[in-house]
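The exercises below are meant to be worked with the sequence and the 3D view side by side. Try each task before reading its solution.

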Amino acid sequence: MTELPLLGTAEFPGDVEHVTEARHWVRRVLGDAHAAVDLVELLACELITNSAKHTKTDNIRIAVYGSGDTAHVQVVDAGSNESTPRSRGDVFGNGDSGNGRGLYLVDTLTEGRWGTYRYGAGQTTWFTVRG
């Protein structure tokens with residue numbers, strides 16, 4: 001999916017109690033000196049939280065790639081038969097369940113460089129940013 005060098009992979013339990021730990025791991029692997037580290041940490045947190053909240057996954061796997069001012073993150077989980085991750089453009093609208101707003105951030109802040117794909121019994125959601 002990316003030609004950037006792999007900086008690290010990790011696996012975390014698939015529940016919201018481990019989102020902070022996973023988010024900090026992403027920052028540590030990318031490094032504080034990376035031009036987009038704050039943005040990557042924010043967006044990775046959104047994807048990790050979505051995995052923990054919206055899938056019935058036992059574990060969430062994360063891969064971080066990076067070089068220069070570019071970073072690519074993949075979050076892998078068991079997927080969901082009930083929905084596919086999508087950004088909602090009506091983030092200020094009423095009558096919504098509140099879902100999709102984090103992906104709106106991902107879509108906007110990556111300038112559309114994100115996506116999701118299924119494979120077998122799993123799903124990968126990814127994004128790429130440039131600092």
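**Exercise 1. Find which residues of helix 2 are buried, and what covers them.**

Solution. Begin with the list: in helix 2, the buried residues are Val 37, Val 40, Glu 41, Leu 43, Ala 44, Cys 45, Leu 47, Ile 48, Ser 51 and Ala 52. Here buried means under 20% relative accessible area, exposed means over 50%, and partly exposed lies in between, with a 1.4 Å probe and protein chains only. Helices (H or I, at least four residues) and strands (E, at least two) are DSSP runs, numbered from the N terminus.

Before going further, note that this is a predicted model, in which local features need pLDDT of at least 70 and side-chain atom pairs count only at pLDDT 80 or more, while totals for chains, interfaces and linings use all residues. Residues are numbered from 1 along each chain as its sequence is written, and side-chain values use heavy atoms, with hydrogens and water left out.

Next, look for the cover: the elements over these buried residues include helix 1, strand 2 (59-67), strand 3 (70-77), helix 3 and strand 5 (122-130).

Two of the buried residues can be followed individually. Ser 51 counts as buried because its relative accessible area is 4%, and, leaving aside its neighbours within four places in sequence, Ser 51 is in contact (heavy atoms within 4.5 Å) with Thr 57, Ile 60, Val 75 and Asp 77. Val 37 is likewise buried, at 4% relative accessibility, and touches Arg 27, Leu 30, Gly 31 and Asp 32, not counting residues up to four places away in sequence. The C-alpha atoms of Val 37 and Asp 69 are 9.3 Å apart in space, although the two are 32 residues apart in sequence.

**Exercise 2. Compare the span of helix 2 with the expected one.**

Solution. Count the residues, which number 18, and then take the distance from the first C-alpha to the last, which is 25 Å. The expected span is 1.5 Å times one less than the number of residues, and for helix 2 this gives 26 Å, to which the computed reach is close.

**Exercise 3. Describe how helix 2 meets helix 3.**

Solution. Start from the axes, which are lines fitted to C-alpha atoms over the stretch in contact, with angles that run from 0 to 180 degrees between N-to-C directions. The axes of helix 2 (residues 37-54) and helix 3 (residues 101-109) come within 9 Å and cross at roughly 145 degrees.

Then name the residues that make the contact: helix 2 brings Leu 39, Leu 42, Leu 43, Glu 46, Leu 47 and Asn 50, while helix 3 brings Gly 102, Leu 103, Leu 105, Val 106 and Leu 109. Sorted by kind, these residues divide into 8 nonpolar, 2 polar and 1 charged, where Ala, Val, Leu, Ile, Met, Phe, Trp, Tyr, Cys and Pro count as nonpolar, Asp, Glu, Lys and Arg as charged, and the others, Gly among them, as polar.

**Exercise 4. Trace the salt bridges that link helix 1 and helix 2.**

Solution. A salt bridge is a side-chain nitrogen of Lys or Arg within 4 Å of a carboxyl oxygen of Asp or Glu, and a search of the whole structure finds 5 of them.

Take Arg 23 and Glu 41, whose closest N and O atoms are 3.2 Å apart. This pair links distant parts of the chain, with Arg 23 in helix 1 (residues 19-30) and Glu 41 in helix 2, 18 residues apart. Arg 23 is partly exposed at 23% relative accessibility, whereas Glu 41 is buried at 13%.

Continue with Asp 38 and Arg 27, where the closest N and O atoms are 2.8 Å apart; Asp 38 belongs to helix 2 and Arg 27 to helix 1, 11 residues apart. Asp 38 counts as exposed because its relative accessibility is 51%, while Arg 27 is partly exposed at 22%.

Glu 41 also meets Arg 27 in a salt bridge of 2.6 Å, N to O. Because Glu 41 lies in helix 2 and Arg 27 in helix 1, the pair ties together parts that are 14 residues apart in sequence. Finally, put the pieces together: salt bridges that share partners join Arg 23, Arg 27, Asp 32, Asp 38 and Glu 41 into one network.
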